[in-house]
Amino acid sequence: MALDKIGSPFSPPSTAIEWIDYLHGKLGKRLPLIRKYADYYEGRQATMPFSQNLYSTAFGDAFREWSDNFCQLVIDAVLERLSVVGFRLTDDPDADADAHQIWMRNNMPVQSSAAHLDAMVHGESYAIVWAGVDGEPVISCESAEQVVVQYKPGSRTEIEAAAKFFTDDFGREYVSLWTADYTYTSFADGRQWYEPVQEPNPLGRVPVVPISNRARLTGDPSSDLQSIVPLQDAINKTATDALVASEMAAFPARFVTGLEIVEDEDGRPIEPFRIAIDKVLQAEDPQARFGQFAAADLSNYRVLIDLLTQHLASLARVPYHYMIDSGGQPATGEGAEAAEYGLIAKARQRILHFGRAWVEVMRLCYRVKGDPRADCHTAEVIWADVENRSEAQHMDALIKLRALGVPVEVLWEKAGFTPAEIVRFPALLAEQEALIQQYPTAVATGSSAPVADDMAEKPPQGNASNDARKVAGDDANRR
């Protein structure tokens, strides 16, 4: 029996208005959590509720905008390592160049970075593909604050409907709804949605691709800040307590004995002195004695903040030296590589999920163009290297790979050159070789052959100069 024939008191939406109402309600339920994580990333989270009542008395609104925010660092440490270089779609040598052209025409180096950022902050972002007025594919990256999707029952990949809700500068709310067969556009007057305008969907599928962060088999994708927020709150609370202590207890409290306590007309004691750094206390009574209590030790707050920060770094898989200056030299060489193992693994995991989404986006672009590469299921994304290495280390590793017989085109790709640059290399090398042959004395190098081959052709050096030393009578072994 088909699933849609099973009777149920909860019938799914069947009309465009019903889909709009349903998806609008679904988006509204998750908006508070999405905006909460956005506030933490921007450092706009409320820090004052954690402070003592004395905080407002001591500082008022002086530190109202303050926050010791690590959330942005947790996201940016991964974001700066995610960069799409190109695509490998089929065995056709022109496929990569075509995909790169589509990518660059839509300003995707910038858009994709924003999509990765929103996905890690919100848990998910979206890419919408459609045909422009010239028939070329147009890619638009969208926020989870505006776009929502509904998957088909029992599926985690097939989208049944998707919608984008947005409000213009005049407060009017609009919606675009997509199904596999139709597209709908409508707007609301503040009370209800007007009857949508219907148009056919030439793509035959919903043109919205979710870019999911930490996707699971069940449940929604989650933000990278989900496990960080409680520790961030604890750090802010401890820091505000330290500020209160620095105002109220870090300055030594003074006392005096042997003086008569003077009271006002209501019986309240009158403070005999106005204590300040530039004031000298004096009394005529010879029995008066002055003293002071020890100032509060604020180092305990730093120890606790450092401990909380270390826990935060462990959960976020961010090297601890990114967050705390230990006062020494930063980690270098193998020590830095070991400290960044977790961060690199985290970046590669994001590449795994985000790469699948960008492949789907590119396949949709080819569907817009009516290109058979829309059905290519072996496509993959070429990413920039997520490891931070010196140029000398990188080039040395490539030379060793060449010695193992790795094709030079693969080495160019691993060196970080884009597919468009690699396509130009053969012609440039041919021109260079022609110049060498035509003007051998004017060119410094004698060949454009790979370095490893040149090194292999050199005769062994050994101790060839020993013969010359023997002739000159300067051989140490003869003395």
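The side chain of E340 makes a polar contact (a pair of N or O atoms within 3.5 Å, one able to donate a hydrogen and the other to accept it; residues adjacent in sequence count only if both atoms are side-chain atoms) with the side chain of Y322, at 2.9 Å. This is a predicted model: local features need pLDDT of at least 70, side-chain atom pairs count only at pLDDT 80 or more, and totals for chains, interfaces and linings use all residues. Residues are numbered from 1 along each chain as its sequence is written, and side-chain values use heavy atoms, without hydrogens and water.

**Around E340**
- E340 sits in the loop between α8 (333-339) and α9; helices are DSSP runs of H or I with at least four residues.
- E340 counts as buried because its relative accessibility is 10%, and buried means under 20% relative accessible area with a 1.4 Å probe, protein chains only.
- Leaving aside neighbours within four places in sequence, E340 is in contact (heavy atoms within 4.5 Å) with R81, P319, Y322 and N388.

**Nonpolar cores**
- The largest nonpolar core has 63 residues; such a core is a set of buried Ala, Val, Leu, Ile, Met, Phe, Trp, Tyr and Cys residues joined through side-chain atoms within 4.5 Å.
- Helix α9 (residues 341-369) gives the largest share of this core, 14 residues.
- F87, W358 and M362 have the most contacts inside this core.
- Another core, of 15 residues, lies apart from it and includes L31 and W193.

**Helices α1 and α3**
- Y40, Y41 and E42 in α1 meet C71, Q72, I75 and D76 in α3.

Technical notes
Buried means under 20% relative accessible area, exposed over 50%, partly exposed in between (1.4 Å probe, protein chains only). Helices (H or I, at least four residues) and strands (E, at least two) are DSSP runs, numbered from the N terminus.
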